[in-house]
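This report gives a guided reading of one protein structure for a student who is new to the subject. Please keep the sequence and the structure in view while reading.

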Amino acid sequence: MEKEKIEEKIDYLISSMTLEEKIAQLKAKTVSIWQTVGKILLEDVFSDLTPEFKEKIMGFLFGFYRDRELAEEMTKALWKKMWKKLVLEGEEKKYPIGELSCALRSMSPRESAEFANEIQKYVLENSEIKIPVLIHDEALHGCMAKGSTIFPQAIGMASTWNLELIYQVATAIGKETRSRGIHQVLSPTINIARDPRCGRTEETYGEDPYLASRMAVAYIKGVQEQGVIATPKHFAANFVGDGGRDSYPIHFSERLLREVYFPAFKASIKEAGALSLMAAYNSLDGIPCSSNKWLLTDVLRKEWGFKGYVVSDYFSVLHLMTKHKVAESKAEAARLALEAGLDMELPDSDCFEEMINLVKGGKLSEETINEAVRRILGVKFWAGLFDNPFVDPDYAERVNDCAEHRELALRVARESIVLLKNEGILPLSKDIGSIAVIGPNAAVPRLGGYSGYGVKIVTPLEEIKNKMENKAKIYFAEGCGLNDTSKSGFDEAIKIAQKSDVAILFVGNSVPETEGEQRDRHNLNLPGVQEELIKEICNTNTPVIVVLINGSAITMMNWIDKVQAVIEAWYPGEEGGNAIADVLFGDYNPGGKLPITFPKYSSQLPLYYNHKPSGRVDDYVDLRSPQYLFPFGYGLSYTEFRYSNLRITPEEIPMDGEITITFEVENIGKYKGDEVVQLYLHDEFASVVRPVKELKRFKRITLAVGEKKTVSFKLDRRDLEFLNIDMEPIVEPGRFEVFIGSSSEDIRLKGFFIVK
């Protein structure tokens, strides 16, 4: 439908809607065990108990909620029982609610599509004003609903440095999501992860604003081209509070925000055309992000031209009263959020229930309501809900976790794996006689946060057995629990290591046991007694390979010198076991690169590559350089690459000119492999302090043995700009250093050009 006609229809709808109908479009509704059962218990049955005891009850419920299958079956029953009471409001004149939160997560693809159709049919047949309902869910690395493909977690996808691949993943996610009747995903997470102690580092694309921006654009385009609304989050600077704490108060300068924490959001809006955005939990310079007019109106809408709608993070409008204490009532919280530019309260309408009284009492203008409704209706038109809100259950059944998408999940898992250390032990020979598989992450699926369920998950132990069937003896011992203090399993692990040719230890973390949302850490060492297990196995003198399955940086100084190889597999998705085994036995040559810096010790944090020059030194008296254990952009291969023949043309350009940087990369090793070539710039002298280096381009290339490829990057004014003292983007004349390398520290070629 043409834009002008859509605007006309929106004008007509708004002019014909009552105030109650408009307000309903700004509301979301949901049911869950947590909210339904917990709310009844705390507000009714246990209302007279102390706050401390109530907190213990909620802790008990949260622990129960982690039984995923049981919790989802109960949630499905709640939805089936309660949905008709949620989708329409009003006594005599019925009008539809704006959005449903995670209504379809607990259902199979077919069941989901059928239930979504039932909801839309009921709304259209029984409401006075026939506006379809939006349904949202999460999709960081696959739609979170039952039976959807589970791809590697976001930090793993960032490690591929492969934008076309991420676009393909997002396209698959969009197809599966829309096929089920879900129209919006609360993804991607594009917060910059400069402090990996934050438990949600796993959800991000790492520490660099350029890499995160490119990943965000690829993801959003892929999803939205399938008619699904992307919702980049959390705006802004949500994961970098003091001590690495998620949602902690932020006191950054505007310069730091605009240079580091805004670019991925800006690219999401201006380049990818994201149609929704989620406000963050944290406060920014004393103003909560959920009621921050500078963020949600001045920057987002007036500067960047955002045309979509802003949703709250779950319960963050209520947090204006209960946590930030800037509102004394739910009504005041609703007014602050709406007037700042937040359009919809998720996951349930709580504070927004007060809007009718705010408007009638003269404390909130109806025009503010109208503008929010206009934005939401515009996105519903974009999503095609007014033309056809229904989906095909047969297609949903065919496309979700189909063979093509599983193959894509395997490819992403392979490309996400980063080889951190290899003393020549890898790849393993398939003629090996015996293998000890050890560790708490060997035989169980570790998928990371916001993961789907209900599909076949391949564990590392399973695939090692499959690959080496009838070729080698495979022994398994867990050794220890993920976060336990017990060493009772050590003896069995030592015993099988002693009689094996190699020991492969699968260690790391898991969500929510040791990291994830509300699981920040003060220490990046392996949890529990995993480090002691590694040391004990090393003492057997059997060669040791450590495979990390986790979502953030790991400190390894207590054991890394004792092992022969280290592989970072992240949370590798449903095909992770296959991918890991392929790398171990040389069926795939790893080429992933780190999107975050790995420190030597947690006490160094935050630690990131693109810092600004120090007024003193960059190291410590008790820890001399280099500071990193593994730098940003780092990753080994089974082969070797030679860089040569750097050409920068022209050598001098005007301020608005373009420059081409060309060089050659040759595979001089013994294996076909991938290399991620990285281009960094440094503005040598500037009127404002600039970072020591900044990533400006990258490309993942595949080279056969002996093959040479020419790589070419083109830069323009936007790559040279920085914010001057008045916060205006400018380019200054002078010399720019060019660094070409295999990581931020492994620089193979250097050059320069001059801006006149």
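The report turns to the nonpolar cores, then to the sheets, and finally to the aromatic rings. The structure is a predicted model.

**Nonpolar cores**

The largest nonpolar core holds 117 residues, and those that touch the most other members are L26, Y219, F235, I369 and L695. Helix α9, which spans residues 209-224, gives the most to this core, namely 10 residues. Another core lies apart from it and has 43 residues, including L526, W559, L594 and L605.

L26 deserves a closer look. When its neighbours within four places in sequence are left aside, the residues in contact with L26 include L338, F352, M355, I369 and I376. The list of contacts also includes D343 and E345.

**Strands and sheets**

Strands of a sheet pair through backbone hydrogen bonds, in either the parallel or the antiparallel sense. One open sheet consists of 5 strands with parallel pairing, in the order β1-β4-β5-β6-β7. Which strands form its edges? They are β1 (28-29) and β7 (229-230), each of which pairs on one side only. The partner of β1 is strand β4 (residues 99-101), and the two are joined in the parallel sense over 2 bridges. Within this pairing, K29 of the one strand stands opposite L100 in β4.

A further group of strands is arranged around β29 (residues 747-755). With strand β21 (residues 652-653), β29 pairs in the parallel sense over 2 bridges, and here I653 stands opposite V755. With strand β28 (residues 734-741), β29 pairs in the antiparallel sense over 8 bridges. How many residues lie between β28 and β29 in their hairpin? There are 5 residues between them. One bridge in this region joins E737 to F752 of β29. The ring of F752 also has a charged neighbour, since the charged end of R735 sits over this ring, 4.0 Å from its centre.

**Aromatic rings**

A pair of aromatic rings is described by the distance of the centres and the angle of the planes. The structure holds 22 aromatic pairs, and two of them are set out below.

| Pair | Distance of centres | Angle of planes | Arrangement |
|---|---|---|---|
| W83 and Y122 | 5.2 Å | 75° | edge-to-face |
| F598 and F630 | 6.3 Å | 70° | edge-to-face |

Why does the pair of W83 and Y122 count as edge-to-face? The planes of these rings stand at 75°, and planes over 60 degrees apart count as edge-to-face. This pair links distant parts of the chain: W83 belongs to helix α5 (residues 68-87) and Y122 to helix α6 (residues 109-126), 39 residues apart. W83 has a relative accessible area of 4% and is therefore buried, whereas Y122, at 22% relative accessibility, counts as partly exposed. The boundary that separates these two cases is 20%.

The second pair lies between strands. F598 is in strand β18 (residues 598-599) and F630 in strand β19 (residues 628-630), so the pair ties together parts that are 32 residues apart in sequence. Both F598 and F630 are buried.

Rings may also gather in greater number. One aromatic cluster is formed by W161, Y210, Y609, F632, Y680 and F698. Finally, a charge over a ring is found at Y475 as well: the charged end of K499 sits over the ring of Y475, 4.3 Å from its centre.

Note on methods
Residues are numbered from 1 along each chain as its sequence is written. This is a predicted model: local features need pLDDT of at least 70, side-chain atom pairs count only at pLDDT 80 or more; totals for chains, interfaces and linings use all residues. Side-chain values use heavy atoms; hydrogens and water are left out. Two strands pair if DSSP finds at least two bridges between them. Helices (H or I, at least four residues) and strands (E, at least two) are DSSP runs, numbered from the N terminus. A nonpolar core is a set of buried Ala, Val, Leu, Ile, Met, Phe, Trp, Tyr and Cys residues joined through side-chain atoms within 4.5 Å. Buried means under 20% relative accessible area, exposed over 50%, partly exposed in between (1.4 Å probe, protein chains only). Contact means heavy atoms within 4.5 Å. Rings of Phe, Tyr and Trp (its six-membered ring) pair if their centres lie within 6.5 Å; planes under 30 degrees apart count as stacked, over 60 as edge-to-face and the rest as tilted. A charge sits over a ring if NZ of Lys or CZ of Arg is within 6 Å of the ring centre and within 35 degrees of the ring normal.
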